[in-house]
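Let's take a friendly walk through this protein model, one region at a time. Keep the 3D view open and find each part as we come to it.

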Amino acid sequence: MTDAPSAPRRVGAVSVVIPALNAATTIAETLASLQAQRFTEWEAVVVDDGSTDDTSAIVAAIAASDPRISIVRQESAGAAAARNRGLTLIRHRWVLFLDADDWILPEHLERLAAVLDSSPAADAAVCGWTLVRAGRAIESEYCRGEGDLFPILARRPAFAIHTCLIDRARVDAVGGFDVRRIVHQDWQLWQRIARTGARFAVIRDPLAVYRIHEGTITGDQSRLAAEALGVIALGHAPDPNVPNPHPHYANGRPSHELTDAQVTHLAWPAGIEIARGSDARSLFEGVADGTAPGAAEHVGTIIARAAATHTDPATLTSPASWLYLDRLLGTLLDRLAGLTGDQTLPRTARLAFERHMLEITGEARALSLIATGHVEVGATIGDLPATGNVERLRIAVTMEGDSLGTIELPVIEGRVRAAVVSDAVA
C-alpha cells in the first residue's frame with residue numbers, strides 16, 4: 001500500500017475512555033497515572049458499568065479536584081458497551097482506551113502524540129507495554145510490525161489496548177466495539193480498523209503497564225480460545241461489519257493460512273492450562289481443518305512463554321513436576337500433529353519449548369530432549385555424556401568463572417565428543 005501525502009498536524013488534546021466495573025482497589029492508581037502525565041491536555045471519561053463497590057465514589061472524589069475527569073454510570077452492559085458509551089461523551093479527535101486496573105507511565109501521552117505529529121500519514125500510534133503480576137514486572141513487549149498491521153491482526157492481538165492512541169474517526173467508521181463479543185473486543189476492533197487501510201506508527205519503549213491479576217490467570221481459557229478462533233476466522237474472510245475495506249483485504253487473509261494462525265494463537269492459552277496442570281487439548285476443538293506448516297517451532301516457544309508468565313518457571317522444570325508437565329505437553333503436541341498433519345511437530349515444538357524454558361530458568365537441569373553442560377576455556381575438555389532420549393546439549397562456556405555464552409550441540413550416540421565441543425568453543 002502507498003501512503004497518501006498528508007499535511008502536518010498537532011495532537012492538541014486527548015480523550016481517555018475508562019470502563020470500570022468494581023474497580024475500587026485499582027481505579028485511583030489508574031487515574032493517578034493520568035494525572036502524572038507530562039502531556040496535560042487530556043480529558044478522562046470513566047464509565048461505571050454497574051459497579052456494586054465504591055468505584056463511583058472514589059472517582060467522584062478525585063474528579064471533584066480535577067475537572068479533566070468525569071464519570072457516568074450505567075446498568076452493567078459489558079466493557080464494550082461502556083467504551084462505546086464513553087465514545088459518545090468525549091470531545092477530542094484522539095482517543096485512548098484505558099482499563100480501570102491498568103496504568104500508563106508519565107511520558108506515555110506525550111510520546112505517542114509526538115509520534116503522531118511527526119507521522120502525519122499515521123492514524124494511530126502504539127507503544128510497548130510491561131506485564132506485571134503481584135507488583136513484579138514479568139516481561140515487556142512491543143508491537144512486532146508497523147504501518148499496515150492487518151496481516152498481524154488477522155492472526156493475533158498486536159498490542160495491549162492502552163498502548164494505542166487513535167483517531168476516533170477510525171473507530172467510528174467500523175461501528176466501535178462489538179458488544180456481542182465477551183472477550184477480545186479490542187483485538188477485533190483493531191483488526192477491523194486495520195482492514196480499512198489504517199496506518200499504525202510504533203515505538204517499542206514500554207510506556208504502559210498491563211496488570212495480570214488472579215482472574216487473568218484462572219480465567220476460562222476455553223471461552224478465551226473460542227472467542228479467539230472467531231476473531232481469527234473473521235480475519236481470513238470478508239467482514240460484513242467493515243463497509244469500506246481496503247481492496248487488498250476485502251476477503252481477509254488467504255483462507256489456507258487459517259489453521260496455522262489458529263493453532264499458533266491457541267498455544268498461549270494452552271501454555272496457561274499446562275502450567276495449571278490441566279489438559280489443553282480441548283482448546284483446539286474448533287480449529288479449522290487444514291495444515292499449519294509454520295506452527296511447530298512457534299508453538300513450543302509460545303507455550304513456554306505463557307507457562308512462565310503465569311507461574312514460577314522454576315516450578316515448571318522441577319523434578320517433581322516435570323514428569324506430569326511432560327505428559328500434558330506430550331499429549332497436546334501429539335493432538336496438534338494429528339490436527340495439522342505435521343508429524344514432525346511434537347519433536348520440533350518440544351525442542352523449542354525446552355530451549356526457551358532453560359533460557360528463562362537459567363538452571364542446569366535435564367528435560368526430555370535437551371540437557372545442560374559446562375566447559376571452562378583453558379581446562380581439559382572431555383566427552384560430555386547425555387542420558388535417555390536427550391538430543392541436544394546446551395553448554396555454558398566460562399573463562400576463569402566469567403560467562404562467555406552458551407552453545408548448543410547435537411548428541412550422537414549418547415554423548416557430545418570432546419573434539420566437537422573444542423571446535424565449537426574455539
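## A three-stranded sheet

Three strands make an open sheet, ordered β10-β12-β13, and their pairing is mixed. At the edges sit β10 (370–376) and β13 (402–410), each of which pairs on one side only. From one strand to the next, the twist averages 25°. As you explore, bear in mind that this is a predicted model.

How many bridges hold β12 and β13 together? Strand β12 (residues 392–399) pairs with β13 over 8 bridges, in the antiparallel sense. To see one such pairing, look for R394, whose bridge partner in β13 is E408. Helix α15 (residues 418–425) packs on this sheet and touches β10, β12 and β13. The direction of α15 makes about 130° with that of β13.

## A strand that is covered on both sides

Now go back towards the start of the chain, to strand β1. Is this strand buried or exposed? Of the 7 residues of β1 (residues 14–20), 7 are buried, so the strand is largely enclosed by the rest of the structure. In a regular strand, side chains alternate between the two faces of the sheet. In β1, V14, V16, I18 and A20 lie on one side, while S15, V17 and P19 lie on the other, and all of these are buried. Both faces of β1 are therefore covered, since buried means under 20% relative accessible area.

What are the partners of β1? One is strand β4 (residues 94–97), which pairs with β1 in the parallel sense over 4 bridges. Another is strand β2 (residues 42–49), which runs parallel to β1 and is joined to it by 7 bridges. S15 is a handy residue to follow here: it stands opposite V95 in β4, and its bridge partner in β2 is E43. To get from β1 to β2, the chain passes through helix α1 (residues 27–35), making a right-handed β-α-β crossover.

## The loop before α1, and the helix itself

Between β1 and α1 there is a loop, and T26 lies in it. With 11% relative accessibility, T26 counts as buried. What does T26 touch, once neighbours within four places in sequence are left aside? T26 is in contact with A100, D101 and R211.

Next comes α1 and its meeting with helix α2 (residues 55–63). The axes of α1 and α2 come within 10 Å and cross at roughly 25°. The two helices are therefore roughly parallel to each other, and α1 passes α2 in a right-handed crossing. At the meeting place, I27, A28, L31 and Q35 of α1 face I58, V59 and I62 of α2.

## Another pair of helices

Two packed helices are described by the angle between their axes and the distance between the axes. Let's try that on helix α9 (residues 221–235) and helix α10 (residues 258–275): their axes come within 10 Å and cross at roughly 160°. This makes α9 and α10 roughly antiparallel, because angles over 145 degrees count that way. The crossing in which α9 passes α10 is right-handed.

Which residues make the contact? From α9 come Q221, A225, A228, L229, I232 and A233. From α10 come L258, A261, Q262, H265, L266, P269, I272 and E273.

## Two loop residues with positive phi

Finally, look at two residues whose backbone angles deserve a glance. A134 has a phi near 55°, a positive value in a residue other than glycine. You can find A134 in the loop between β6 (124–133) and β7 (136–141). At 80% relative accessibility, A134 counts as exposed.

H184 has a positive phi too, about 60°, although it is not a glycine. H184 lies in the loop between α6 (168–173) and α7 (185–195). Is H184 buried or exposed? With a relative accessible area of 19%, H184 is buried.

## A distance to trace

To end, pick out E359, which lies in helix α14 (residues 345–361). E359 counts as partly exposed, at 48% relative accessibility. Along the chain, E359 and H184 are 175 residues apart, and their C-alpha atoms are separated by 30 Å.

Key
Residues are numbered from 1 along each chain as its sequence is written. This is a predicted model: local features need pLDDT of at least 70, side-chain atom pairs count only at pLDDT 80 or more; totals for chains, interfaces and linings use all residues. Side-chain values use heavy atoms; hydrogens and water are left out. Buried means under 20% relative accessible area, exposed over 50%, partly exposed in between (1.4 Å probe, protein chains only). Two strands pair if DSSP finds at least two bridges between them. A crossover is right-handed if, with the strands pointing away from the viewer, the path from the first strand over the helix to the second runs clockwise. Axes are lines fitted to C-alpha atoms, for helices over the stretch in contact, and angles run from 0 to 180 degrees between N-to-C directions. Angles under 35 degrees count as roughly parallel, over 145 as roughly antiparallel, 65 to 115 as roughly perpendicular and the rest as oblique. A crossing is left-handed if the near helix is turned anticlockwise from the far one by less than a right angle, and right-handed if clockwise. Contact means heavy atoms within 4.5 Å.
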